[in-house]
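Visitor: I've got a structure to go through and not much time. Can you walk me through it?
Guide: Yes, here it is.

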Amino acid sequence: MTTTLITGANKGLGHETARRLIAAGHTVYLGSRDADRGRRAAEQLGARPVQLDVTDDASVTAAARAIEADGGLDVLVNNAGIEQRLPDGGIIGAAELTADAIREVFDTNVFGMVRVTHAFLPLLQKSAAPVVVNVSSGLASLARMSDPADLASGYPGVAYPASKTTVNMLTVQYAKAFPGMRINAVEPGYTATDLNDHSGHQTVEEGAEIIVRMALVGPDGPTGGYFDVSGTLPW
Ligand SMILES: NC(=O)c1ccc[n+]([C@@H]2O[C@H](COP(=O)([O-])OP(=O)(O)OC[C@H]3O[C@@H](n4cnc5c(N)ncnc54)[C@H](OP(=O)(O)O)[C@@H]3O)[C@@H](O)[C@H]2O)c1
């Protein structure tokens, strides 16, 4: 029996990933920073709710203790993430970017991911086939963002892509440090969720595909990579 934790799974890509992994036979802990929203989502899917705010040490520690007491963890999906917008819905570009604004994004997308990974590493190290999936973004790719011919390079925001580029580096370094684990970064593709006011052109079913695929990877699968549904992406 494989036990999986997905952060930020009360809606969007995390929720769809939970649905698919339950269908694949995983026992899924559905992480949600809001306990009520998490409980409702978990009931709907047949998941186990766990209150987990990735920016809060006490919340993450309590979640790790509870899941350890229940028997441990095999797969961690670091999915919780935010993209910051101006009050009018516009993207915060380089001219408007402040230290506080980028800190807020890093607090969830980067420090949150590290906080959760650090708390669950001891559980994953006890698993026979530990797997970590870090939900990154195509906007994380320095190669794509610096290529004027690539559509992604037209995205004017700074904090969000910078946070996801950091997620990619963390993925590479964690993968080298823990060769017994399969640790990969994935780009779901532009998907209609609350994150982008449902402007994405993919459905959550399409977006979750690569997250699910990398969560199901076996001990002989890749590690330290960056993938979308079509294959390896350039860093
Ligand atoms: N949608 C896309 O086009 C796209 C493309 C590439 C990558 N991604 C990435 O995919 C992941 C999922 O995003 P999504 O599109 O599914 O967006 P979403 O529908 O807005 O879901 C984001 C999830 O993260 C949770 N979250 C935010 N801050 C949190 C915190 N401090 N602690 C715990 N959970 C927190 C949200 O919880 P609340 O409901 O409480 O806010 C929600 O469950 C993110 O990492 C995002 O960067 C998305």
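Visitor: Start with the sheet. What's the strand order, and is it open or closed?
Guide: This is a predicted model. Its sheet is open, with eight strands in the order E3-E2-E1-E4-E5-E6-E7-E8, and the pairing is mixed.

Visitor: Which strands sit at the edges?
Guide: Strand E3 (48-51) and strand E8 (231-232), each of which pairs on one side only.

Visitor: How does E2 join E3, and how many bridges are there?
Guide: Strand E2 (residues 27-32) and E3 run parallel and are joined by four bridges. One residue pair to look at is Tyr 29 with its bridge partner in E3, Arg 48.

Visitor: What does H6 touch on the sheet?
Guide: Helix H6 (residues 159-177) packs on it, touching strand E5 (131-135), strand E6 (182-186) and strand E7 (226-228). The direction of H6 makes about 165° with that of E6.

Visitor: And H7, which strands does that one lie across?
Guide: Helix H7 (residues 204-215) lies across strand E1 (3-6), strand E4 (75-78), E5, E6 and E7. With E5, H7 makes an angle of about 160°.

Visitor: Okay, helices against helices. At what angle do H4 and H6 cross?
Guide: Roughly 20°, with the axes coming within 9 Å. H4 and H6 are therefore roughly parallel to each other, since angles under 35 degrees count as such. The crossing is right-handed.

Visitor: Which residues make that contact?
Guide: From H4, they include Ile 102, Val 105, Phe 106, Val 110 and Met 113. From H6, they include Tyr 160, Val 167, Leu 170 and Tyr 174. By class, the residues of the H4 and H6 contact are 13 nonpolar, four polar and one charged.

Visitor: How do H3 and H4 cross?
Guide: The axes of helix H3 (residues 57-70) and helix H4 (residues 99-124) come within 10 Å and cross at roughly 20°. That makes H3 roughly parallel to H4. H3 passes H4 in a right-handed crossing.

Visitor: What meets what there?
Guide: On the H3 side, Asp 57, Val 60, Thr 61, Ala 64, Ile 67 and Glu 68. They meet Arg 115, Val 116, Ala 119, Phe 120 and Leu 123 in H4. The H3 and H4 contact has seven nonpolar, one polar and three charged residues.

Visitor: Now H1 and H7. Where do those stand in terms of angle?
Guide: Their axes cross at roughly 60° and come within 8 Å. That makes H1 oblique to H7. H1 passes H7 in a right-handed crossing.

Visitor: Which residues are involved?
Guide: H1 contributes Gly 12, Leu 13, Glu 16, Thr 17, Arg 20 and Leu 21. H7 contributes Val 204, Glu 205, Gly 207, Ala 208, Ile 211, Val 212 and Ala 215. The classes in the H1 and H7 contact are seven nonpolar, three polar and three charged.

Visitor: Switching to the ligand. How many residues surround it, and which are closest?
Guide: There are 30 residues around the ligand, and the closest are Gly 8, Gly 12, Gly 81, Thr 193 and Leu 195. Gly 12 is also one of the H1 residues in contact with H7.

Visitor: What classes make up that shell?
Guide: Nine nonpolar, 15 polar and six charged residues.

Visitor: Which helices supply at least two of them?
Guide: Helix H1 (12-23) and H4. The largest share of the shell, three residues, comes from H1.

Terms used: Residues are numbered from 1 along each chain as its sequence is written. This is a predicted model: local features need pLDDT of at least 70, side-chain atom pairs count only at pLDDT 80 or more; totals for chains, interfaces and linings use all residues. Axes are lines fitted to C-alpha atoms, for helices over the stretch in contact, and angles run from 0 to 180 degrees between N-to-C directions. Helices (H or I, at least four residues) and strands (E, at least two) are DSSP runs, numbered from the N terminus. Angles under 35 degrees count as roughly parallel, over 145 as roughly antiparallel, 65 to 115 as roughly perpendicular and the rest as oblique. A crossing is left-handed if the near helix is turned anticlockwise from the far one by less than a right angle, and right-handed if clockwise. Two residues are in contact if their C-beta atoms, placed from the backbone, lie within 7 Å. Ala, Val, Leu, Ile, Met, Phe, Trp, Tyr, Cys and Pro count as nonpolar, Asp, Glu, Lys and Arg as charged, and the others, Gly among them, as polar. Two strands pair if DSSP finds at least two bridges between them. A residue is near a molecule or strand if its C-beta atom, placed from the backbone, lies within 6 Å of it.
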